[in-house]
Amino acid sequence: MHHRHPRAAVLTGIGSWLPPDTVTNADLEAVLDTDDTWIRQRTGIASRRRVAPGMATSDLAVEAGRRALASAGPGTVDAVVLATTTPDRLCPATAPDVATRLGLGEVAAHDVSAVCAGFLYGLASAAGLIATGTAERVLLIAAEAFSTLIDPRDRATAVLFGDGAGAVVLRAGEPDEPGAIGPIVLGSDGRGQELLNVPAGGSRRREPTGEHPRHLRMTQGSRVYREAVTRMTEASRTALERAGWRPGDVDRLVTHQANARIGTALGEALAIPPERRAANIEHVGNTAGASIPLLLDEEHRSGALTAGRRVLLAGFGAGLSWGATTLVWPLTARRPASRPAATDVVRRPASRPAEPVPPSPSHQGATA
């Protein structure tokens, strides 16, 4: 009996959006016991974007989703998957609201919660919807207003995180065509949940206390670093092996932008040279689950990522959770957009086009 290949998820559109407010290292020096040199050396970050008062994750998601849909061209989607750690509210999920605001009608819509591995877990969810025939086209958005979880007085986290959103449109296709998402490797280890967490606000500890705040808490940063490098290296090697690739086949390594040193260590562990490692952490910080699609879109718009390039994606986050996958880039590079004026998008009518993300002045990012 002839068994047809399962339907693959094929990337056919991409978009991203960053909120207009910028927080520089100098801004943080005014309120924290830190300085620009210390932040750059430890993290590779010079500035990050923050949501304005009244702006929520859904606002970021709608803007990025609109761009991805425009990039994909005519046609509707049958489902919306939103990867986020900062939903607008605990209940209901934020994805249905995003789908409605994008004018997509009564499509399937759900959230995925995997923190900094959210985009990769979202890819697996979207690919599953396509493989089972539940959807022909899926809009996958990763959006984070992570600054809403940060204690502005906590030097360990306040310097790291920024806000933003990235999105892709996936369609049903064949596993061997350009843009097809390769084998997705995912993993988790709940034994590490105390390393990165928000202690209060869920059903376990409903109200915050001094000992259990409603802010992200990171303990043992050096262990988080080692876990991130180890887990992403293992997942990447497995994803490459399942795709039939060698590390030398990788044209662009696109990793979750947690810390410039983590990206460097991962690239060295995989023997992928610096010029093939994408980075934008210098000007966006750690945008959690949104970081991979934000970086992919920036690389695409800058011309650094062109059709035919072989891409390895890897991410690691709280949970602990991690993942990796591969794809051959299918899209032709667009001309880089000009830098827009900062615009508050919260109340923008749906019919009014939004401003694009400004291109990065440097696509190699910072090295710490």
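In this predicted model, helix α8, formed by residues 260-269, has Ala260, Ile262, Gly263, Ala265, Leu266 and Gly267 as buried residues. The protein as a whole contains 10 helices and 13 strands. Of its 368 residues, 55% are buried. Among contacts between residues at least 6 apart in sequence, 77% join residues at least 24 apart. The points below begin with α8 and proceed to strands, a buried loop residue and pockets.

**Helix α8 and its surroundings**

- The cover over the buried residues of α8 includes three helices, namely α2 (36-43), α7 (221-243) and α9 (281-284), together with the strands β11 (252-255) and β12 (310-317).
- The N-terminal end of α8 is capped by asparagine 259, which places a side-chain oxygen 2.8 Å from the backbone nitrogen of arginine 261.
- Just beyond α8 in the chain, alanine 271 adopts a positive phi of about 60°.

**Helix α2, part of the cover of α8**

- Where α2 starts, aspartate 35 brings a side-chain oxygen to within 3.0 Å of the backbone nitrogen of threonine 37.
- After α2 comes glycine 44, and the phi of this glycine is positive, near 85°.

**Strand β13 and its partners**

- Strand β13 covers residues 321-328 and is largely enclosed by the rest of the structure, because seven of its eight residues are buried.
- One partner of β13 is strand β8 (residues 185-188), and the two strands pair in the antiparallel sense over four bridges.
- In this pairing, glycine 187 is placed opposite tryptophan 322 of β13.
- Strand β12 also runs antiparallel to β13, and eight bridges join the two.
- Alanine 314 faces alanine 324 of β13 across the pairing.
- The hairpin made by β12 and β13 has three residues between its strands, and glycine 319 in this hairpin has a positive phi near 145°.

**Strand β6 and its partners**

- Strand β6 comprises residues 137-144 and is mostly covered, with eight of its eight residues buried.
- The residues of β6 point in two directions: Arg137, Leu139, Ile141 and Ala143 go one way, while Val138, Leu140, Ala142 and Glu144 go the other, and all are buried.
- Strand β4 runs parallel to β6, with five bridges between them.
- Within that parallel arrangement, valine 80 lies opposite leucine 139 of β6.
- Strand β7 (residues 164-173) runs antiparallel to β6 and is joined to it by eight bridges.
- Leucine 170 in β7 is the bridge partner of valine 138.

**Threonine 94, a buried loop residue**

- Threonine 94 sits in the loop that connects β4 (79-83) with α4 (95-101).
- The relative accessibility of threonine 94 is 2%, so this residue counts as buried, the cut-off for buried being under 20%.
- Apart from its neighbours within four places in sequence, threonine 94 makes contact with Ser58, Leu82, Pro87, Asp88 and Asp111.

**The largest pocket**

- The largest pocket encloses about 1,000 Å³ of space.
- This pocket is lined by 38 residues, and Thr85, Leu90, Leu149, Val198 and Ala200 are the closest to its centre.
- Strands β5 (108-112) and β9 (196-197) each contribute at least two residues to the lining of the largest pocket.
- The lining of the largest pocket consists of 16 nonpolar, 13 polar and nine charged residues.

**The second largest pocket**

- The volume of the second largest pocket is about 540 Å³.
- Its lining has 28 residues, and those nearest the centre are Ala156, Leu160, Met218, Gly221 and Asn259.
- Asparagine 259 thus appears twice in this briefing, as a residue nearest the centre of the second largest pocket and as the cap of α8.
- At least two lining residues of the second largest pocket come from each of α2, α6 (155-158), α7, α8 and β12.
- Helix α7 gives the most to this lining, with five residues.
- By class, 18 nonpolar, seven polar and three charged residues line the second largest pocket.

Technical notes: Residues numbered from 1 in each chain as written. Predicted model: local features only at pLDDT ≥ 70, side-chain atom pairs only at ≥ 80, totals over all residues. Heavy atoms only, no water. Buried < 20%, exposed > 50% of the residue type's maximum accessible area, 1.4 Å probe, protein only. Contact = heavy atoms within 4.5 Å. Polar contact = N/O pair within 3.5 Å; in protein donor to acceptor, adjacent residues only side chain to side chain. Pairing = 2+ DSSP bridges. 1 Å grid on protein atoms, 1.4 Å probe; cavity = no way out; pocket = protein on both sides within 12 Å on 5 of 7 lines; lining within 4 Å. Points joined across faces, edges and corners; volume = space filled by probe spheres on them. Nonpolar A, V, L, I, M, F, W, Y, C, P; charged D, E, K, R; others polar.
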